[in-house]
Amino acid sequence: MAEANIARVSGFSAIHRDEVVSALSECSQAFSELSSIFDAIRRGTDADYVLLAAAGRRVAEDLANYSDAISEQAKKGGIK
């Protein structure tokens, strides 16, 4: 009953803890991808630095958007 009231007031339903764990795992993977991109830039490989920087930015922006959405749902809907 309380869950239904929270969803009605906030517009968000409770997020399951498994979804939160999955989100944290995906964020961890994204940080690993960023680390690989930064290492490639640092090593001075023949790769195009502009493309690497753009790829890093996309990963970072996706990570920020995703984590913001999960955080907002958890704050407004709670965790079950």
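This report describes a predicted model of a protein, from its overall make-up to some of its residues.

## The model and its confidence

Residues are numbered from 1 along each chain as its sequence is written. Because the model is predicted, local features need pLDDT of at least 70 and side-chain atom pairs count only at pLDDT 80 or more, while totals for chains, interfaces and linings use all residues, and side-chain values use heavy atoms, with hydrogens and water left out.

The pLDDT, which is the predictor's confidence in each residue on a scale from 0 to 100, averages 81 over the protein, and 84% of the residues score at least 70. Confidence is lowest in H1, with a mean of 49, and highest in H3, with a mean of 87. Where pLDDT is low, the predicted coordinates should not be read in detail.

## Overall make-up

The protein has 3 helices and 0 strands, and from the N terminus its elements follow the order α-α-α. Helices (H or I, at least four residues) and strands (E, at least two) are DSSP runs, numbered from the N terminus.

Of the 80 residues, 20% count as buried, where buried means under 20% relative accessible area, exposed means over 50%, and partly exposed lies in between (1.4 Å probe, protein chains only). The protein exposes about 5,700 Å², of which carbon and sulfur atoms supply 57%; such areas come from the Shrake-Rupley method with a 1.4 Å probe, and for residues only the protein chains shown count as cover. Among the contacts (heavy atoms within 4.5 Å) with a separation of 6 or more, 76% are between residues 24 or more positions apart.

## Helices H2 and H3

The expected span of a helix is 1.5 Å times one less than its number of residues. For the 27 residues of H2 this gives 39 Å, which agrees with its end C-alpha atoms being 39 Å apart. For the 29 residues of H3 (residues 49-77) the expected span is 42 Å, and its end C-alpha atoms are 41 Å apart, which also agrees.

In H2, the buried residues are Val20, Ala23, Cys27, Ala30, Leu34, Ile37 and Ala40, and the buried residues of this helix pack against H3. In H3, Leu52, Gly56, Val59, Leu63, Ile70, Ala74 and Gly77 are buried. Each of these helices is followed by a glycine with a positive phi: Gly44, just after H2, has a phi of about 70°, and Gly78, after H3, has a phi near 85°.

## Ile15 and the chain end

Ile15 is found in the loop between helix H1 (2-10) and helix H2 (17-43), and it counts as buried because its relative accessibility is 0%. Leaving aside neighbours within four places in sequence, Ile15 is in contact with Val20, Ile70, Gln73, Ala74, Gly78, Ile79 and Lys80. The C-alpha atoms of Ile15 and Ala74 are separated by 6.0 Å, although these residues are 59 residues apart along the chain.

Lys80 lies in the segment after H3 and is partly exposed, with a relative accessible area of 39%. Its C-alpha atom is separated by 5.9 Å from that of Ala14, and the two residues are 66 residues apart along the chain.

## A residue of H2 at the surface

Phe38 lies in helix H2, and it counts as partly exposed because its relative accessibility is 42%.
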